[in-house]
Amino acid sequence: MKAIWNDIVIAESDETVYLEGNHYFPIDSVKKEYLKPSDHHTTCFWKGEASYYDLVSNGQESRNAAWTYPEPSTLAAKIKDHIAFYPVVTVTR
């Protein structure tokens, strides 16, 4: 799978975790130079607290476009150390 934003491949992996309609990419497969930590957080009743990232490149920014669960619940343990993206990012094979 590839995650593409602004014609840039920002993540690529054959080992994504598909959950609730989203591909979660292993954190090591994501090009961190395009991620800027955000102060935004949300809580999912069964996965836990999500932390967000803004995507940045060449003066462009997409706020809170990526998220991760740093300490997911036991039920969502398989997405620990993974990042997913909102539809502003194209995820394709």
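**Note on the predicted all-strand chain**

1. Asp7 is located in the loop that joins E1 and E2. The model is a predicted one, and within it the phi angle of Asp7 is near 65°, a positive value in a residue that is not glycine. Most residues other than glycine have a negative phi. Asp7 is also exposed, its relative accessible area being 80%.

2. Asn64 likewise is not a glycine and has a positive phi, here of about 50°. Its setting is strand E7. Asn64 has a relative accessibility of 17% and counts as buried, because the limit for that class is under 20%. A reviewer may wish to view Asp7 and Asn64 together: Asp7 is exposed, whereas Asn64 is buried.

3. As to the overall fold, the protein chain contains 9 strands and 0 helices. Its order along the sequence is β-β-β-β-β-β-β-β-β. The radius of gyration is 12 Å, close to the 12 Å given by the globule rule for 93 residues, so the chain is as compact as a globular protein of that length. Along the principal axes, the C-alpha atoms fill a box of roughly 40 × 30 × 20 Å.

4. Of the 93 residues, 46% count as buried. Among contacts between residues at least 6 apart in sequence, 43% join residues at least 24 apart. The accessible surface of the chain comes to about 5500 Å², and carbon and sulfur atoms account for 48% of that surface.

5. On charge, the chain carries 13 negative and 9 positive side chains. The centres of these two sets lie 3 Å apart.

6. The largest nonpolar core comprises 17 residues, and Ile10, Leu55 and Phe85 have the most contacts inside it. At least two residues of this core come from each of strand E1 (2–5), strand E2 (8–12), strand E6 (48–57), strand E7 (60–68) and strand E8 (82–85). E2 gives the most, with 3 residues. There is also a second, separate core of 11 residues, which includes Cys44, Tyr52, Ile79 and Ala84.

7. Leu55 merits separate inspection. Leaving aside residues up to four places away in sequence, Leu55 touches Trp5, Ile10, Tyr34, Leu35, Gln60, Glu61, Ser62, Ala65, Phe85 and Val89. Two of these partners, Ile10 and Phe85, are named with Leu55 as having the most contacts inside the largest core.

8. Lys31 is placed in the loop between strand E4 (22–26) and strand E5 (35–44). Its relative accessibility is 38%, so Lys31 counts as partly exposed. Beyond residues up to four places away in sequence, Lys31 touches Val9 and Ile10. The C-alpha atoms of Lys31 and Ala84 are separated by 13 Å, with their positions 53 residues apart along the chain.

9. Val88 occupies the loop between E8 and strand E9 (90–92). Val88 is partly exposed, at a relative accessible area of 44%. Residues up to four places away in sequence aside, Val88 touches Ile4, Trp5, Ser62 and Ala65. Val88 and Ile4 are 84 residues apart along the chain, yet their C-alpha atoms are separated by 8.9 Å. Trp5, Ser62 and Ala65 are also among the residues that Leu55 touches.

Note on methods:
Residues numbered from 1 in each chain as written. Predicted model: local features only at pLDDT ≥ 70, side-chain atom pairs only at ≥ 80, totals over all residues. Heavy atoms only, no water. Helix = DSSP H or I, 4+ residues; strand = E, 2+ residues; numbered from the N terminus. Rg over C-alpha atoms; globule rule 2.2 N^0.38 Å. Buried < 20%, exposed > 50% of the residue type's maximum accessible area, 1.4 Å probe, protein only. Contact = heavy atoms within 4.5 Å. Areas by Shrake-Rupley, 256 points an atom, 1.4 Å probe, with all protein chains shown as cover. Lys, Arg positive; Asp, Glu negative; His and termini not counted. Charge placed at Lys NZ, Arg CZ, Asp CG, Glu CD. Core = buried A, V, L, I, M, F, W, Y, C linked by side-chain atoms within 4.5 Å.
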